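Please read the interface in the structure below with me, one feature at a time.

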Amino acid sequence: MELLENTGDFIKIGGILFGLFHFLVGFVFYRDMIRINRVLKTENSTLFSFITNLYIVFLIAIIIGFIIV
Amino acid sequence: MNQQQQNYNQQFQQPHYQPAQQPRQNYPPQQYYQQGYNPIHQQLTESHQVIMKHRKGVGGVDLEPQDVKFATQNPNERIFVFLRRHWSENITWILRNIFYSTIPIITVLVVRFLDLDTTFLRMQDLILILFAFYSLIITNVMRDFFDWYFDPYIITNERIIHYEFKPFKMYEVKEANLSDVENISETSAGLLAGLWGYGSLTVTTESQLEKDVIVFEDIPNPTKVRDILFDLVKIAKKYNGAT
């Protein structure tokens, strides 16, 4: 019963840790995307830069969501 | 020397095309300037004619793309062919990610079927867990898409370049001069390859080393690309080292 009462805390802590780990992974991906966009410019480079920036913001929003809720 | 030849000389005698005190290796010999034409211009003109001949009927292959540039592109270097692997390469990861995205629905159905107690989970927790799960799927989709999208093969008037970008894993660039290409072989195997018309080209250079082999994997219209590449290699060898 005590374990079940603390489920919300477990989810919160687990979620924050997951969010941080995912953010680190996503940041590596973001950095690789910046590099490849510098090396190779295609017709959609601007769009992909925007999508990658949005993706990082989304990852940060998940971490904030776990902290706030 | 007539007016046209004079114009060629004036137009193309830029500082870095001037013969140095000690000419570089493979630099165009003096006779080209004495004859009054620039070999780089000539090569570009002939290469352009090869590409224009293939303008129609090369679906899935971008000829003379306007908006593509790469970091080590030389001033007189033009991209003639830009292509990626056939779109059917994406079917596997699309289906895989569609399956992953149905996992929450399957979980809900299983929980209801087994009549499990889920009252310990608040609605906010469920929503956050779903967000976290779908963020993983989004990461997966982006990784798989960019793995395909940023894996192009570029053929210019000087060289062949293959960028291989595997997110989280590696980034590799292979290039070979057109004048060093010795052998081009085409392979098209499998039912889907025959159905959708894709195949592979293996380009071997003079060194014959495995690491210097460039493989155009599962590209659309491999026969046409092989034809274009062979014609460009012939032109490059004709002006061997002129660029």
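Q: How many residues does each chain bring to the contact?
A: Contact means heavy atoms within 4.5 Å. Chain B contributes 33 residues and chain A contributes 30 residues. This is a predicted model, in which local features need pLDDT of at least 70 and side-chain atom pairs count only at pLDDT 80 or more, while totals for chains, interfaces and linings use all residues. Residues are numbered from 1 along each chain as its sequence is written, chains are lettered from A in the order in which they are written, and side-chain values use heavy atoms, with hydrogens and water left out.

Q: What area do chain B and chain A bury between them?
A: The size of an interface is often given as the accessible area lost when the parts come together. Here about 2,800 Å² is buried (accessible area, 1.4 Å probe, lost on being put together and summed over both parts), and 79% of it lies on carbon and sulfur atoms. B:Leu128, B:Phe150 and B:Phe168 supply 21% of the area that chain B buries against chain A, more than any other three residues.

Q: How many salt bridges does the rule find across the interface?
A: A salt bridge requires a side-chain nitrogen of Lys or Arg within 4 Å of a carboxyl oxygen of Asp or Glu. Between chain B and chain A the rule finds zero.

Q: Which element of chain B gives the most residues to the side that touches chain A?
A: Helices (H or I, at least four residues) and strands (E, at least two) are DSSP runs, numbered from the N terminus. Helix 6 of chain B gives the most, with 15 residues.

Methods: Buried area is the accessible area (1.4 Å probe) that two parts lose on being put together, summed over both.
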